[in-house]
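Visitor: I should be grateful for a close look at a single part of this protein, namely its pockets and the helices that help to line them. Please take the matter step by step.

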Amino acid sequence: MKIIILGAGQVGGTLAEHLAHEENDITVVDTSGERLRELHNRLDIRTVSGPASYPMVLRQAGCEDADMLIAVTNSDEVNMIACQVAHTLFRTPTKIARVRATAYLTRKGLFAHDAVPIDVLISPEQVVTDHIRRLIEYPGALQVLEFAGGQAQLVAVKAFYGGPLVGQELGFLRRHMPNVDTRVAAIYRRNRPIIPRGDTVIEADDEVFFIAARRDIRTVMSELRRLDRDFRRIVIAGGGNIGERLAENLEHSHQVKIIEHNLERCTTLSERLDRTVVLHGSATSKRLLLEENIEDCDIFCALTNDDEVNIMSSMLAKRLGAKKVLTLINNAAYVDLVQGGEIDIAISPQQATIGSLLTHVRRGDIVNVHSLRRGAAEAIEAIAHGDSRSSKVVGRAIDEIDLPSGTTIGAIVRGKEVLIAHGDVVVESGDHVILFVIDKRRIRDVERLFQVGLTFF
């Protein structure tokens, strides 16, 4: 595909990196020559310097014959105007834009073919908020991903020493829980992927990715680790867009406090939120944390715009007795450095956002893409179409499908039914197939698997 990415910031740069490795024709546009040079030195891409919404700049970037425009600059207005120009002058088929401001997102009819022609809207704050909310819903999970409208979930947990399954073969899981159907899609041991088989033995500290119907997730988690008690008391450091949205989502079911250093923002938050306690002060203040009984806090969420503040406040909160800490980190290089020590969960907003962008770039009928392990792996939800003549998957049992190496099928969602992927399950047309791909170089092969042959038409 010929794809133009507007904005060479963290999301644009990460996206270019993902797509350049998959044989796409990528052009990145930005006003910063330095950022563009850095990307060009690392990746096999074209770069164009200039304001992303200018018709001349878009023409120079190749908008006349581009398949897709992805506008992820730091300005909502530039992203919107760029999509308008691409539509009006160049008839670009697919236009994706990142829009942050709630003032735009809440206006019905604004983003339509005959208004502001954006085909797909990405709201990073909402994506990250949903991601954090799911982690709070399942204490002890490192990542929680939803498929088929939430009917099936893929959950990553760390296996703890003393857990019922640690030291056992995976085949024991079915015998031990005959009434719960689940499948381990992948295991990461000392940061290396293992394709699980029946005789694979789970070790303490393994990161285990398993898939199950939503109703069975907690039961399976309890087998891999002792279940943490539900989070009730939540402290949020940072009252920006993500902090506010999270508090709004949780305040009617949890006890929520927000710490915000800007007094004017504190006033706004206290007017908008119903039950949340808004505190004016610094999240790195030991005195403030002690005054607010941080030792009684179930989870401390550091969600400011400053990585250093997030890391330091999280470490301080943990030392002072917070049960769990969750830290938002924009600099991807920091994520692996801090997670697993004093910081329980580190979240990269770019990786959370990239998944929703990749969904629209993949070929075949791909309805969901989630980036895992900081982009090292992907979970994909694809819809099978055609019949046994035109499709490589329809009418075949899972054991008969020629899957690319490093790829496993975790589950199939058929209507309202979640079928865990055992070898004899036959794929039907219309099934939502959930795959786990640990080798990103195999993504194209997975896409081809779900593309329908010409006999289908």
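Visitor: To begin with the helices, is the crossing of α1 and α14 left-handed or right-handed?

Guide: The model shown here is a predicted one, and within it the crossing of α1 and α14 is right-handed. These two helices pack at an angle of about 55 degrees, and their axes lie 10 Å apart. Because an angle of that size falls in neither the parallel, the antiparallel nor the perpendicular range, α1 counts as oblique to α14.

Both helices lead to the largest pocket, whose volume is about 730 Å³. Its lining comprises 35 residues, and those closest to the centre are L303, T304, N305, L328 and N330. Helix α1 (10-20) and helix α14 (349-358) each supply at least two residues of this lining, as do α6 (124-137), α9 (241-250) and the strand β13 (255-260). Sorted by class, the lining has 12 nonpolar, 17 polar and 6 charged residues.

A second pair of helices belongs to the same description, since α6 and α9 are also among the contributors to the largest pocket. Helices α6 and α9 pack at about 45 degrees, with 9 Å between their axes; they are therefore oblique to each other. The crossing of α6 and α9 is right-handed.

The second largest pocket holds about 610 Å³ of space. Of the 37 residues lining this pocket, H131, R134, L145, A352 and H370 are the closest to its centre. Helices α6 and α14 each supply at least two residues here, and so do the strands β6 (120-122), β7 (141-147), β17 (345-347) and β18 (366-372). The lining of the second largest pocket divides into 16 nonpolar, 15 polar and 6 charged residues.

Finally, the record offers some context for these positions. An unreviewed UniProt entry places the feature "domain: RCK N-terminal" at residues 1-122 and 231-347. Over residues 1-122, the chain is 39% helix and 22% strand, and the C-alpha atoms at the two ends are 20 Å apart.

Definitions and conventions
Residues numbered from 1 in each chain as written. Predicted model: local features only at pLDDT ≥ 70, side-chain atom pairs only at ≥ 80, totals over all residues. Heavy atoms only, no water. UniProt positions renumbered as here; feature names shortened; annotations may be inferred. Helix = DSSP H or I, 4+ residues; strand = E, 2+ residues; numbered from the N terminus. 1 Å grid on protein atoms, 1.4 Å probe; cavity = no way out; pocket = protein on both sides within 12 Å on 5 of 7 lines; lining within 4 Å. Points joined across faces, edges and corners; volume = space filled by probe spheres on them. Nonpolar A, V, L, I, M, F, W, Y, C, P; charged D, E, K, R; others polar. Axes fitted to C-alpha atoms, helices over the stretch in contact; angles between N-to-C directions. Parallel < 35°, antiparallel > 145°, perpendicular 65-115°, else oblique. Left-handed = near helix turned anticlockwise from the far one by under 90°.
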